[in-house]
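Reader: Please show me the model, and let me ask how the labels put on it were reached.

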Amino acid sequence: MERELTYQAVNRDEVLQIMQAFINYQTVEKPLLTEIETVHQVIQQTAELLRVNQAQVEYDRLHPIVQEAIIYINENLASELTLKHLADHLHMNVMYLGQLIKKELNQSFSKYLNELRIEKSKQLLIKTQLTIAEVGSEVGYQNQGYFYRMFKQAEGLSPKEYRQHYWDNEQELQ
């Protein structure tokens, strides 16, 4: 059964207050920013706030065992994670855990793990100066070729192209 994501936990007034406070700060305290840059930053921050809130609402609906599994996966993303290793850590039957993850997340453990690793690697590519190999290793891909293939399959660009595309777009905004 597919879940619909709701934004009930988002308080519209709080979001508007945050946006107004940010705009006030930018216009009074930092007059060097243009209005376009200010609006762009407010939109980015608001979108991030909504994404975080949406993720929290969805997380709260998950089975407690899957919540614990997600925490463990995030804390150990750089290590070699397998469903068996995770089941052992949670003192569970590997088949049952795999079925529970698939039911709750609507995807297999391996697909979830790869998507999480790709998302984290995208953040590292744009926010750090780590080499592509270091980024892959940081998110648990010990084989650089495999990291490259998985990233390209997921994003349609190589990690290097993704980073360059981001930097090119950042330069255009400045």
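**Labels and their cut-offs**

Author: In this predicted model, the ring-centre rule gives a count of five aromatic pairs.

Reader: What makes Phe151 and Tyr162 an aromatic pair, and why is the pair called edge-to-face?

Author: The ring centres of Phe151 and Tyr162 are 5.5 Å apart, and a pair needs centres within 6.5 Å. The planes meet at 75°, and over 60 degrees counts as edge-to-face, so both labels follow. Phe151 belongs to helix α8 (residues 144–155) and Tyr162 to helix α9 (residues 159–173), so the pair, 11 residues apart, links distant parts of the chain. Both Phe151 and Tyr162 are buried.

Reader: How do you know that Tyr166 and Trp167 are edge-to-face?

Author: For Tyr166 and Trp167 the values are 5.4 Å centre to centre and 75° between the planes. The distance is within 6.5 Å and the angle is over 60 degrees, so the label holds.

Reader: Are Tyr166 and Trp167 buried or exposed, and why?

Author: Neither word applies, because Tyr166 has 27% relative accessibility and Trp167 has a relative accessible area of 31%. Buried means under 20% and exposed over 50%, so Tyr166 is partly exposed and Trp167 is partly exposed.

Reader: Which residues do ring pairs link into a cluster?

Author: The cluster holds Tyr141, Tyr146, Phe147, Phe151 and Tyr162. Tyr141 also has the charged end of Arg117 over its ring, 5.6 Å from the ring centre. The distance part of that label asks for CZ of Arg within 6 Å of the centre, so 5.6 Å meets it.

**Salt bridges**

Reader: How many salt bridges does a search of the whole structure find?

Author: The search finds four salt bridges.

Reader: Why is the contact of Asp88 and Lys84 called a salt bridge?

Author: The side chains of Asp88 and Lys84 meet at 3.1 Å, N to O. The cut-off is 4 Å between a Lys or Arg side-chain nitrogen and a carboxyl oxygen of Asp or Glu, so the name applies. The two are four residues apart in helix α4, which means about one helical turn separates them.

Reader: Why is Lys84 exposed and Asp88 partly exposed?

Author: The relative accessible area of Lys84 is 52%, and exposed means over 50%, so Lys84 is exposed. Asp88 has 44%, between the 20% and 50% limits, and is therefore partly exposed.

Reader: What makes Lys122 and Glu155 a salt bridge?

Author: The closest N and O atoms of Lys122 and Glu155 are 3.4 Å apart, and the limit is 4 Å, so the pair qualifies. Lys122 is in helix α6 and Glu155 in helix α8, so the bridge ties together parts 33 residues apart in sequence. Lys122 has a relative accessible area of 13%, under 20%, and so counts as buried. Glu155, at 28% relative accessibility, is partly exposed.

Reader: How do you know that Lys152 and Glu161 form a salt bridge?

Author: The N to O distance of Lys152 and Glu161 is 3.9 Å. It is within 4 Å, so the pair counts. Lys152 is partly exposed at 35% relative accessibility, and Glu161 is partly exposed with a relative accessible area of 38%. Elsewhere, Glu119, Lys122 and Glu155 are joined into one network by salt bridges that share partners.

**Nonpolar cores**

Reader: Which residues touch the most other members of the largest nonpolar core?

Author: They are Val66, Ile73, Leu86, Leu97, Ile101, Leu105 and Phe109, out of 20 residues in this core. Two or more residues come from each of α3 (64–75), α4 (83–90), α5 (94–105) and α6 (109–127). The largest share, five residues, is from α3.

Reader: With which residues is Phe109 in contact, leaving aside neighbours within four places in sequence?

Author: Phe109 is in contact with Ile73, Leu81, Thr82, Leu83, Leu86 and Ile101. Apart from this core lies another, of 12 residues, including Leu124, Leu125, Tyr141 and Met150.

**The whole chain**

Reader: How many helices and strands are there, and what percentage of the residues are buried?

Author: The protein chain has nine helices and zero strands. Of its 174 residues, 31% are buried. The chain exposes about 11900 Å², and 54% of that is supplied by carbon and sulfur atoms.

Note on methods: Residues are numbered from 1 along each chain as its sequence is written. This is a predicted model: local features need pLDDT of at least 70, side-chain atom pairs count only at pLDDT 80 or more; totals for chains, interfaces and linings use all residues. Side-chain values use heavy atoms; hydrogens and water are left out. Rings of Phe, Tyr and Trp (its six-membered ring) pair if their centres lie within 6.5 Å; planes under 30 degrees apart count as stacked, over 60 as edge-to-face and the rest as tilted. Buried means under 20% relative accessible area, exposed over 50%, partly exposed in between (1.4 Å probe, protein chains only). A charge sits over a ring if NZ of Lys or CZ of Arg is within 6 Å of the ring centre and within 35 degrees of the ring normal. A nonpolar core is a set of buried Ala, Val, Leu, Ile, Met, Phe, Trp, Tyr and Cys residues joined through side-chain atoms within 4.5 Å. Contact means heavy atoms within 4.5 Å. Accessible areas come from the Shrake-Rupley method with a 1.4 Å probe; for residues, only the protein chains shown count as cover.
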